[in-house]
Amino acid sequence: MLIVHEANIRGRDFFVGDIHGQHRLLLEAMRRVGFDPATDRLFSVGDLIDRGTDSLACLSLAARPWFHAVRGNHEELALSALREGQDSTAWALWMINGGGWVARSGVGEVRKILNEALRHLPLAREVAIAGKRIGMIHAEPPADWSRLADADPETLVWGRARIQRRDETPVAGVDAVVVGHTIVERPLTLGNVHYIDTGAFCTGQLTLVDARELLR
């Protein structure tokens with residue numbers, strides 16, 4: 001469920017919001033910060049696919065050594081749909097949530113790339129930054145990061161209760177948590193939880209932030 005990353009002593013670390021197939025926007029954001037894949041690391045809050053034009057290319061990023069994502073609800077939608085087949089309710093649900101790109105990319109190819117990607121998409125990651133710890137999940141963190149193993153996986157991937165009630169209670173057991181899932185007009189911090197999904201697929205604004213800025 002959790003992968004822990006030691007401090008990056010060779011380069012910088014960045015977090016990026018929900019990409020949703022916006023491969024071009026991602027490359028542009030990386031160019032703006034001078035991202036160096038030989039030394040820098042990019043941490044993604046998930047939802048690599050659906051709604052955008054280059055979902056397969058974005059899903060393929062999961063296997064890159066400099067790219068570290070968690071599983072989003074859209075990866076879960078695709079997994080369920082491909083498992084249950086094209087006549088299933090799960091398939092219909094995926095289609096109405098942006099899964100139509102599978103017709104262009106081919107079911108067989110998408111299944112192959114998704115299965116490979118899922119090997120690199122845990123539910124949570126933790127990154128050491130400047131002597132502190134930043135957690136990352138897709139949607140809703142537990143109240144205490146040290147109890148992550150006891151958290152409901154569906155809440156981690158789908159939950160919105162904390163942001164809906166504008167809960168500013170810090171998550172215990174960690175210095176900060178980065179999440180996506182819920183679109184915000186601009187990056188939002190509640191307590192020590194940073195919401196960075198700025199709706200790239202509909203706004204053209206993909207948030208990419210230097211990890212050190214989250215600890216100021």
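This passage walks through the cores, ring pairs, salt bridges and a few single residues of the structure. The model is a predicted one, so local features need pLDDT of at least 70 and side-chain atom pairs count only at pLDDT 80 or more, while totals for chains, interfaces and linings use all residues. Residues are numbered from 1 along each chain as its sequence is written, and side-chain values use heavy atoms, with hydrogens and water left out.

On the nonpolar side, the largest core has 36 residues. A nonpolar core here is a set of buried Ala, Val, Leu, Ile, Met, Phe, Trp, Tyr and Cys residues joined through side-chain atoms within 4.5 Å; buried means under 20% relative accessible area, exposed over 50%, and partly exposed in between, using a 1.4 Å probe on protein chains only. Ile-19, Leu-26, Leu-42, Leu-48, Phe-67 and Trp-94 have the most contacts inside this core. Among the elements giving two or more residues to it are strand E2 (13-16), helix H1 (23-32), strand E4 (67-69) and helix H6 (107-118). Helices (H or I, at least four residues) and strands (E, at least two) are DSSP runs, numbered from the N terminus. Apart from this core lies another, of 17 residues, with Leu-123, Ala-124, Ile-163 and Tyr-195 among them. Back in the largest core, Leu-48 is in contact (heavy atoms within 4.5 Å) with residues including Ile-19, Cys-58, Leu-59, Phe-67 and Leu-121, leaving aside neighbours within four places in sequence.

As for aromatics, the whole structure yields 6 pairs. Rings of Phe, Tyr and Trp (its six-membered ring) pair if their centres lie within 6.5 Å, with planes under 30 degrees apart counted as stacked, over 60 as edge-to-face and the rest as tilted. Trp-66 and Phe-67 have ring centres 5.9 Å apart and planes at 90 degrees, so this pair is edge-to-face. Both residues are buried, and ring pairs link them with Phe-14 and Phe-35 into a cluster.

Turning to charges, the count comes to 10 salt bridges, each a side-chain nitrogen of Lys or Arg within 4 Å of a carboxyl oxygen of Asp or Glu. In one of them, Arg-212 meets Asp-210 with the closest N and O atoms 2.6 Å apart; Arg-212 is partly exposed at 49% relative accessibility, whereas Asp-210 is buried at 10%. Glu-185 and Arg-186 form another, at 3.5 Å from N to O, with Glu-185 exposed at 70% and Arg-186 exposed at 53%.

Asp-167 also takes part, bridging to Arg-165 at 3.2 Å. Asp-167 sits in the loop between helix H8 (161-164) and strand E7 (176-179) and counts as buried at 14% relative accessibility, while Arg-165 is exposed at 53%. The side chain of Asp-167 makes a further polar contact, at 2.7 Å, with the side chain of Thr-169. Such a contact is a pair of N or O atoms within 3.5 Å; within protein, one must be able to donate a hydrogen and the other to accept it, and residues adjacent in sequence count only if both atoms are side-chain atoms.

Finally, a couple of backbone oddities. Arg-51 has a positive phi of about 75 degrees although it is not a glycine, and it counts as partly exposed at 38% relative accessibility. His-181 likewise has a positive phi of about 75 degrees without being a glycine, but is buried at 6%. Asn-73, found in helix H3 (residues 73-84) and buried at 5%, has His-181 among its contacts, along with Asp-47 and Trp-158.
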